[in-house]
Structure formats: C-alpha cells, structure tokens
Amino acid sequence: MATFLYRMGRLAFRRRWYVALVWAAVLAAVGLGALKAPGATDEGFAMPGIESQKAFDLMEQRFPGATADGATARIVFVAPTGEKVTAAENRKAVESTVAGLSDGSQVAGAVDPFQAKAVSGDGRTAYATVTYKVAANDLTDDSKAQLEKAIEDARGSGLTVDAGGTAMNDGGGAGGAAEVIGVAIAAVVLLVTFGSLAAAGLPLLTAIIGVGVSMASILALADALGLSTTTGTLAMMLGLAVGIDYALFVVSRYREERAKGRAPQEATALAVGTAGSAVVFAGLTVVIALAGLAVVGIPMLTKMGLAAAGAVVVAVLIALTLVPALLGFWPNAVLRRKDRKQARPDKEPEDNGGTRWARFVLRRPLPVLILGVVGLGALALPMTSLQLGMPGDEAKPTSTTERRAYDALAEGFGPGFNGPLTVVVDAKGDDDAKAAAAAISKDIGATKGVVSVSPARFNEAGDTAVFSVVPSTAPTAEKTKDLVTTIRGERPGIESETGATYEVTGTTALNIDISGKVQSALVPYLIVVMGLAIVLLLVVFRSLLVPLKAALGFLLSVLASLGTVVVVFQEGHGASLLGVETTGPIMSLMPIFLVGIVFGLAMDYEVFLVSRMREAYVHGETPDQAVTSGFRHSARVVVAAALIMIAVFAGFIGESESMIKMIGFGLATAVLLDAFVVRMAIVPAVLALLGARAWWLPAWLDRILPRVDVEGEALTRTADTPEPEPAPTDQEAARV
C-alpha cells in the first residue's frame, strides 16, 4: 500500500498539469451534467415494513387519484378577546379568505370552517384547511405568495391569523450562513496551524473542489437513480469535513518531510505514501459507517448514506492525486518562511505541546484513563431515558407562524388536535362494510384517551373507510404513544367481531413507528459498523487490542454525546442558552446520524494518530517513545482538524430550527469528546498501560491477515536516502 501510494504521489507531482486538467475536466463534465439533468424530485418519506406505511399504501391503492402526499395548509383564525369568530364581521373575513385561497392553480380545495364545523367550543377559534395538488417542494412561488397574501389580508380585519402545515415549509435547513461561518473558522484554524496562507488555503480549495464534484454528480444522477432533493445534504456536510481533514493530513506530512531536508518531489511522494495510507483507511471506515445506514431499512436514509460515501471516496482521491499535484505547482508556498530558507535534515525533532501532553499522560496513565472513562460514563447516563420522536411545529420558535398556529389550535381544540390519528378500515369481502366501519369507529371512540372520532369516508368501491381519531394528549406525548399501542392491541378482538381489519396511520402514528424501528435498528447498526471497522483496523495496525480500544472509545464518546443531547433538548437543562424554547423527544434519526458521521470522523483521528505511533514502533522505538513520537507529529494536526469540525457543526446551533440546533449541538459535542477525551487522553493512557502488548497479534491471525504496510516500512530505505530531484525542464526553469 505505502509503496503504491508513494509512486502515485510521485507521479502526480511530476504530471501535475495532467492531473489538474483531469480534475478540471471531471468537474466541468459533472457540472454540465447537473445543469442539463432534470431537477431532483421529492420522493417523500417511506419506511417499508411498518404499519403506518402499509396503511398509507392501502389508501393510495383504494383511493385512486387522491393526493396523499399533496401539501396542506391549516389557516387558524382567533377572534379578539371578548369576541367570537362567528360574529358577522369576523365570519365575513374568514369566508372571504377561504374563497380567495380556493382560486389558486395548484389548489385542490379549501374547506370553509363554518361548513366543516371547525370552530372551537368557545367560538373564538376556527381553522380552514387548504389542500394542494402537488407536494410541498413543488409549490410555486405564486402559490406561496397567494397563501401569504391571504393571511396578511385576513390579519387586517382584526383577527389573529396564523398558518401551519407542510405548505408553510420553506425548504430551508442547515446551510448558507452556517456553512460560510464554518469555512471561515476552518480557514483561521488552518492559518494558525500552518502559519502560511497557501498551506491554509490548499485544504480548503481541494475540499471545495471535491464537494463540487460530489454535489454535481448527485444532481446529474438524481433523476436516473431516484435521488431526492435531500439526498445531498449529508454528502455536502461530510464531503467538506473529510475533504479538509484528508488534505490537511497530507500537507502536514509534506511539510514535515521538507523540514528534514527532502526535495519537494520526494517529500510529496513520502507524504502520500505514509499519510496517504492513513487517509485511505480512514476513508474506508467512513464509507463503512455510511453504507451501513442501509441496515436501518429507510430507503431515503440508505441513499443519503451511499451518496455521502461517494463524496468521501472523491475526497480520498483528491487527497491522493490533486493535493500532490498542487504541491508540485507551489512546492515552497505551503512552508513556513523559516523552513524555506534552509533544510534541517540533521536537527533533532523539537518538543511541542503534543510531546509534553503525551509525557504527562505516560507518567500517570491510570488516573487519566479512570477520569476519562468515568467522565464520559457520567455524561452518558441520561441516555438511558432517551425518548425518540419527530418534533413538529411545537418545537419551532414562538416567532414563527407555524408555532403560533399550533398553540392556538391546542388551546382551542385540545393538545391532541394537532396530531390526529388516521384509521384505515379494510372491509373488502365484508357483507356490510358500513356497519363494520361504524362498529370499529364506535369501539375506538370508547377507548380511554380518545376525544373524538370523525365520520367515516368511504372509497368509490365502498370497501374501504377512513376516519380520524383525536387523542387527548399532544402528538409527542408518551400517553399518545400508549394510545396508539392500545388501539392496535384491541384489533384482534374488534376484527373477530366485525370481520373487517384496520390499521392506524397518520403523521403521529408514522412518527411513533419510525422511532420504534430506528431504536430497534440502532444496536444492529452499531454491531455491523463496529465489527467491520474492527476488521479493517486489524489489517491497518496488525494489533488485536488497538482496534478494540478504538471501537470502545468511540462507543463511549457517542453515548456521552447522546446523553448531553438528552440533558439539553429533552430535559431542558441549559436549553435557553441555545435558544431552544420547547423541549421534547429527540429526533428519531439523531442517534443514527450521530453514529454514522461521528464514527467516520473519530476513525479519521484514530488512524492518523495511532498510525504514526505504529510507524515509530515498527521503526524501532519503544512503546512509550512511539506514543510520544505519534503525538509530536500528529497531535497538532488532529487538534486542528477537530477544531474545524467542531466549528462547522457548532455553526448550526445558531439556526432557528430546533432539529438543526440539535444536530449541530450533538455533532459538535461528539467530536469534542471523541477528539480531546478519547483520542488525546484515553488512547495514550491505554497504550501506556498495555506497553508492547498493545501491538500484539496472534501468530495464526498474523499469517492470514493481508499486509498493507500503512506505516511505510517499505519506504524506510528510500526515506533515509533521498533521491536527487530530476533536472527541471526549460519551461519549468522559466516559470521558477
């Protein structure tokens, strides 16, 4: 491996113009393909195998032409204190607003609240439901503008008017300012780390090129592969993260080799042969984690994981080819000024903060290990009370119209009104479908925790009915989850009496089912990802204990970060400091996202840090000396990479959406704990306690494992005897 990558780096340096042109051509080709490709469609959210999804599928089959995935808007009207919405003037304003909303080209219908009896018991609150022919992401600007204008006009009548529903989604999310801030902080960290504008700019440049290639490829293939508009979100985030990290590792090793007196071409080849080997295997661990998302069984999540894995592969290829090519163009620009003046091949390596910290840990490994493990364990304890769900409008800031509409409906109609359950009755084959549906409706309506049941609506064939059930508790409440379980538990008895079957669905039930499936898939996902990664790290480090230590350390950091998320976003401690106004269940996909993303980044730091220790140990240093050498060369780079990732993820905490805050906080906390507690403290402490046993491998396992030479042992002679640089051509001499 090291020899192959050494030759690749040397070739990229010498043929830098060809390499640069190839990448430019690739970027242009995929960019052109993205421009010509049809826009990505919104395929919606589907999770095969759960009851809610089966009920949705049945509805689409039995109610042909119904737009089950069409956007909806719920306009909530609240009369001033002391007045009723049914008063003549107020009623006129409501009816006028509904009539105006009915005229849109994409509107399927708008229901008058007075005809639908959608008025609260006290007469102060009413709501109108507007349904659209298209999904929320396909709404035109004109349709959105019409909706907003109608709301503003209604407010002019003196009523308090707000709106919720999928039609109000602006399609926004993490991005924009957060990404710009993250890149800016990354630039500052790189500048401080390298002390050179060129050295700081090169990782940023190559990372942006990699993200450009990845995102353009996703857009170009979106229609052919059935990718949705959200598929590229994870690819962009991770592509930028690992793109900076991998280029940072190679450039750092290049500067180190140049400081030893090596010529630019040789230094580049050695950097790619050694640091590049770490990049390859770090990238493989990330790909394993992302591809493992298929275990969860959510098609959208699987596609996101595979797209992000593709972005990581692009980042690895760029680090191995484009980075050495750019070093060939500007071999001295990435060096500090004092290193450009003269080489220092015979100078002893200087002590730095990394070596001083390593020696501190080596002198007292047991206290450091105990403190680190106990501290992470304490942070992980709240994870035992983790509640998963899908926060909706109730989690948004009170400054948003969606949150105000949610609160108004909860006050006027009860907390469960914002999350009604949908019951689909399948009476096909039943002699009296209407009687069966009525019996099922009556039995469910008598269930404790049910406030009301709507009249059943039948399809044209008359063999399928749909009705809504309003719980007495909020959509994310545990009692609502218990109610869904109770209704489903009553099914065998009701089916035996009526001869018809039914299923419970709706947004609330769907979120409950998703949470349950994700929670049950988390442990298998961890086992698959960690198992494959342990095998991979066995090959990299040729050690039995180092991979196990790496996996257990990652597990500690992830559980601790999930515990801190529970403390802040579920229990509310310190939530106000982050601008979180409402606490509740943790987003269902949060644990999976956290495991997948952080596992990849954690293994980046593990491979880069420990591979330098392994390299020093293979080249004759004692176990303690190897730990110190690893920290001397890698600690500064690992700290810089971690700070960049923390800055990028922490930038999302400033977003208004509670879920985005949660993702940003969770990822930033996980990287912080993993990089600074696990990799920088627990890892050296464990290696110090194990000594030479850390690098032990059973003889039988040593024989069957392939040898990949990540530490660059085969390059030792080449590194000790630098080859002279070939004479520059006339054109190269002229450029110099």
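Helix α22 is mostly covered, with 26 of its 33 residues buried. In this predicted model, the helix spans residues 658-690 and carries a kink of about 40° centred on Val-678. Directly after α22 comes Gly-691, whose phi is positive, at about 65°.

A positive phi also occurs at Arg-542, where the angle is about 50° although the residue is not a glycine. Most residues other than glycine have a negative phi. Arg-542 is placed in a loop, with α18 (507-541) on one side and α19 (545-570) on the other. The relative accessible area of Arg-542 is 7%. Because buried residues are those under 20% relative accessible area, Arg-542 counts as buried.

Burial is also found within helix α15, which covers residues 433-445 and includes Ala-436. The relative accessible area of Ala-436 is 4%, so this residue is classed as buried. When neighbours within four places in sequence are left aside, Ala-436 is in contact with Asp-430, Thr-498 and Ala-500. The C-alpha atoms of Ala-436 and Ile-494 are 9.4 Å apart, while the two residues are separated by 58 residues in sequence.

Ala-500 is also among the residues touched by Asp-426. Asp-426 belongs to strand β6, which runs over residues 421-426. Its other contacts, with residues up to four places away in sequence not counted, are Leu-58, Arg-62, Asp-463 and Thr-501. With Arg-62, the side chain of Asp-426 forms a polar contact of 2.9 Å.

For the protein as a whole, the secondary structure consists of 25 helices and 11 strands. The protein has 736 residues, and 54% of them are buried. Of the contacts with a separation of 6 or more, 80% are between residues 24 or more positions apart. The exposed area of the protein is about 31,100 Å², and carbon and sulfur atoms supply 60% of this area.

Definitions and conventions
Residues numbered from 1 in each chain as written. Predicted model: local features only at pLDDT ≥ 70, side-chain atom pairs only at ≥ 80, totals over all residues. Heavy atoms only, no water. Helix = DSSP H or I, 4+ residues; strand = E, 2+ residues; numbered from the N terminus. Buried < 20%, exposed > 50% of the residue type's maximum accessible area, 1.4 Å probe, protein only. Polar contact = N/O pair within 3.5 Å; in protein donor to acceptor, adjacent residues only side chain to side chain. Contact = heavy atoms within 4.5 Å. Bend = angle between axes of the 7 residues up to and from the residue. Areas by Shrake-Rupley, 256 points an atom, 1.4 Å probe, with all protein chains shown as cover.
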